[in-house]
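Hi everyone, thanks for making time for this. I'd like to walk you through one model today, so please have the viewer open and follow along.

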Amino acid sequence: MGSESLRLPEYIDSGTCIRNDGTDINKRIGGTLIAVGLGVAAASFAGRYSFRLWKPLGQVISETASKISAPSFSAYYKGGFEQKMNKREASLILGVSPSASRNKIREAHRKIMILNHPDKGGSPYLAAKINEAKDILESTAKK
């Protein structure tokens, strides 16, 4: 009778239910499992919908990106060297304006040559082009 008296409704915790076979089921855990299951199902349906929506949206984004000119994204000059270097190309190589003073040209040349000198592992071809750019800009520059 001692175990029978504990099964009476007064002695049962409000969050617990007793089955006929005597096992306890916590209603809170059951509710939590249902909520988690519904959350996973909602997330999977949202993911499926977004993947279906992304395909045409991705095409629109790639078309728009291809319309924008690529050089506008880069701060560097894209392209090879001209056969005969002109003033514009020389100023692009040194990173100064075509009408820069000799001091600015020399300072820019020095900074670039420190990074690209052949004795420090730089390319002899690039060093020659940098020197050529300096010579062209200095010949037309003001003191």
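I'll start with the overall layout, then move to the core, a buried glutamate, the salt bridges and a surface patch.

One thing up front: this is a predicted model. The protein has 143 residues, and 15% of them count as buried. Its secondary structure comes to five helices and two strands. Reading from the N terminus, the order is α-β-β-α-α-α-α. For the contact-map people in the room: among contacts with a separation of 6 or more, 45% are between residues 24 or more positions apart. The exposed area of the protein is about 11700 Å², with 59% of that supplied by carbon and sulfur atoms.

Let's go to the core. Which residues touch the most other members of the largest nonpolar core? That core has 14 residues, and the answer is Ala90, Leu94, Val96, Ile105, Ile130, Ala133 and Leu137. Helix 3, helix 4 and helix 5 each contribute at least two residues to this core.

Now zoom in on helix 3, which spans residues 87–94. Its buried residues are Glu89, Ala90, Ser91 and Leu94, and they pack against helix 4 (102–116) and helix 5 (124–140). Right after helix 3 comes glycine 95, with a positive phi of about 75 degrees. Then look at valine 96: leaving out residues up to four places away in sequence, valine 96 touches Ser91, Lys104, Ile105, Ala108 and Leu137.

You may have spotted a charged residue in that list of buried positions. Glutamate 89 sits in helix 3, and glutamate 89 counts as buried because its relative accessibility is 2%, where the limit for buried is under 20%. So where is the nearest side chain of opposite charge to glutamate 89? That is lysine 129, 5.9 Å away, and glutamate 89 has no salt bridge. The cut-off for a salt bridge is 4 Å, nitrogen to carboxyl oxygen. What does glutamate 89 contact, then, once neighbours within four places in sequence are set aside? Its contacts are Gly80, Phe81, Glu82 and Lys84. Glutamate 89 is also 7.6 Å from alanine 133, C-alpha to C-alpha, with their positions 44 residues apart in sequence.

On to the charges that do pair up. As a reminder, side chains of opposite charge can pair when their charged atoms come close. How many salt bridges does a search of the whole structure find? Four. I'll show you three examples.

In one of them, glutamate 138 pairs with arginine 106, and the closest N and O atoms are 2.9 Å apart. This pair links distant parts of the chain, with glutamate 138 in helix 5, arginine 106 in helix 4, and their positions 32 residues apart. The two partners sit in contrasting surroundings: glutamate 138 is buried at a relative accessible area of 13%, while arginine 106 is partly exposed at 44%.

Glutamate 138 has another partner too, lysine 134, at 3.9 Å from N to O. These two are four residues apart in helix 5, which means about one helical turn separates them. Put together, Arg106, Lys134 and Glu138 form a network of salt bridges.

The remaining example is in helix 4, where glutamate 107 and lysine 111 meet at 3.7 Å, N to O. Why can they reach each other along the helix? They are four residues apart, so about one helical turn lies between them. The general rule is that an α-helix has 3.6 residues a turn, so residues three or four places apart point the same way. Here glutamate 107 is partly exposed, with a relative accessible area of 48%, and lysine 111 counts as exposed at 53%.

Last stop: the surface. Turn the model to helix 2, residues 27–67, where you will find tryptophan 54. Trp54, Leu57 and Ile61 make a nonpolar surface patch of about 310 Å².

That's my tour. If you keep one picture in mind, let it be glutamate 89, buried yet without a salt bridge, alongside glutamate 138, which is linked in a network with Arg106 and Lys134. Thanks, and I'm happy to take questions.

Methods:
Residues numbered from 1 in each chain as written. Predicted model: local features only at pLDDT ≥ 70, side-chain atom pairs only at ≥ 80, totals over all residues. Heavy atoms only, no water. Patch = residues over 30% accessible without salt bridge, like charges linked within 9 Å, V, L, I, M, F, W, Y side chains within 5 Å. Areas by Shrake-Rupley, 256 points an atom, 1.4 Å probe, with all protein chains shown as cover. Buried < 20%, exposed > 50% of the residue type's maximum accessible area, 1.4 Å probe, protein only. Contact = heavy atoms within 4.5 Å. Lys, Arg positive; Asp, Glu negative; His and termini not counted. Core = buried A, V, L, I, M, F, W, Y, C linked by side-chain atoms within 4.5 Å.
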